[in-house]
Amino acid sequence: MNANRNDFKAGLFVVGGLLLSLLVIFLLTDFSRWTQKQQEVRVSFRLEDGLRGLRKGSLVSMGDQNVGVVTQIEDLHHDGRVVGKVAVLSIPAHYQIGKDAAVDVVVPTFGAGTKLNFTSVGQGQAYAAGDLIPSGLAANPLAAQLVQELGIGPGQQEEIRQALRNLRDASG
């Protein structure tokens with residue numbers, strides 16, 4: 001009889017643990033992403049820039065807050081030749097994207113995890129299905145932080161560029 005009681009307690013403990021695990025999973029899951037209407041946005045890349053580790057399943061963010069994923073990567077053809085790549089994104093439909101939106105490829109300093117980040121949703125004409133939004137490359141986060149902490153602003157950056165041009169011209 002005592003063995004049956006211990007078996008019952010052990011079984012109750014296992015069932016309780018499973019129920020608690022399911023409750024935690026339910027509370028942490030973002031079900032709204034599955035239920036809200038999505039829109040497809042196409043972002044183009046030049047072959048010179050490359051995708052830099054971007055692939056199907058990579059995150060898409062706006063202002064560095066995750067909002068969607070890359071669902072597909074396709075070739076961009078012109079006159080029968082591949083001239084670039086197109087990433088197809090899935091983001092919530094309530095984001096009003098313009099044709100002049102700014103999208104950067106963000107490559108982490110260390111490891112994997114390349115993502116696309118909208119730095120602007122644009123001000124002009126609304127994005128329509130089939131349009132292509134050109135992408136850019138985000139600055140390396142480590143280098144950008146170093147430049148910021150050194151106090152190098154746009155004015156100083158132009159002065160450094162001009163000094164380098166003068167140096168090149170003088171040595172040429």
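## Barrel, core and two polar side chains

Strands S5 and S6 run antiparallel and are joined by five bridges. They belong to a barrel that seven strands close, in the order S1-S4-S3-S2-S6-S5-S7, with mixed pairing. This is a predicted model: local features need pLDDT of at least 70, side-chain atom pairs count only at pLDDT 80 or more, and totals for chains, interfaces and linings use all residues. Numbering starts from 1 along each chain as its sequence is written, and side-chain values use heavy atoms, with hydrogens and water left out.

**The barrel**

- Strands here are DSSP runs (E, at least two residues), numbered from the N terminus, and two of them pair if DSSP finds at least two bridges between them.
- On average, neighbouring strands of this sheet are turned by 40° against each other, direction ignored; the axes are lines fitted to C-alpha atoms.
- In the S5–S6 pair, Val-105 stands opposite Leu-116 of S6.

**The core**

- The largest nonpolar core (buried Ala, Val, Leu, Ile, Met, Phe, Trp, Tyr and Cys residues joined through side-chain atoms within 4.5 Å) has 20 residues, and Val-41, Phe-45, Leu-89, Ile-97, Leu-116 and Phe-118 have the most contacts inside it.
- At least two residues of this core come from each of S1 (38-46), S2 (59-62), S3 (65-78), S4, S5 (102-106) and S6.
- Leaving out residues up to four places away in sequence, Ile-97 touches Gln-39, Met-62, Ile-91, Phe-118, Val-121, Ala-126, Tyr-127 and Ile-133; contact means heavy atoms within 4.5 Å.

**Asn-117**

- Asn-117 sits in S6, residues 115-120, and counts as buried because its relative accessibility is 7% (buried is under 20% relative accessible area, exposed over 50%, partly exposed in between, with a 1.4 Å probe and protein chains only).
- Its side chain reaches the backbone nitrogen of Gly-63 at 3.3 Å, and a polar atom of the Asn-117 side chain lies 3.0 Å from the backbone nitrogen of Asp-64.
- Beyond four places in sequence, the contacts of Asn-117 include Ser-61, Met-62, Ala-102 and Val-106.

**Lys-85**

- Lys-85 is in S4, residues 81-92, and counts as partly exposed because its relative accessibility is 27%.
- The side chains of Lys-85 and Asp-75 share a polar contact of 2.5 Å (a pair of N or O atoms within 3.5 Å; within protein, one must be able to donate a hydrogen and the other to accept it, and residues adjacent in sequence count only if both atoms are side-chain atoms).
- Among the other residues that Lys-85 touches, beyond four places in sequence, are Val-43, Phe-45, Leu-51 and Ile-73.

How values were computed:
Helices (H or I, at least four residues) and strands (E, at least two) are DSSP runs, numbered from the N terminus. Axes are lines fitted to C-alpha atoms, for helices over the stretch in contact, and angles run from 0 to 180 degrees between N-to-C directions.
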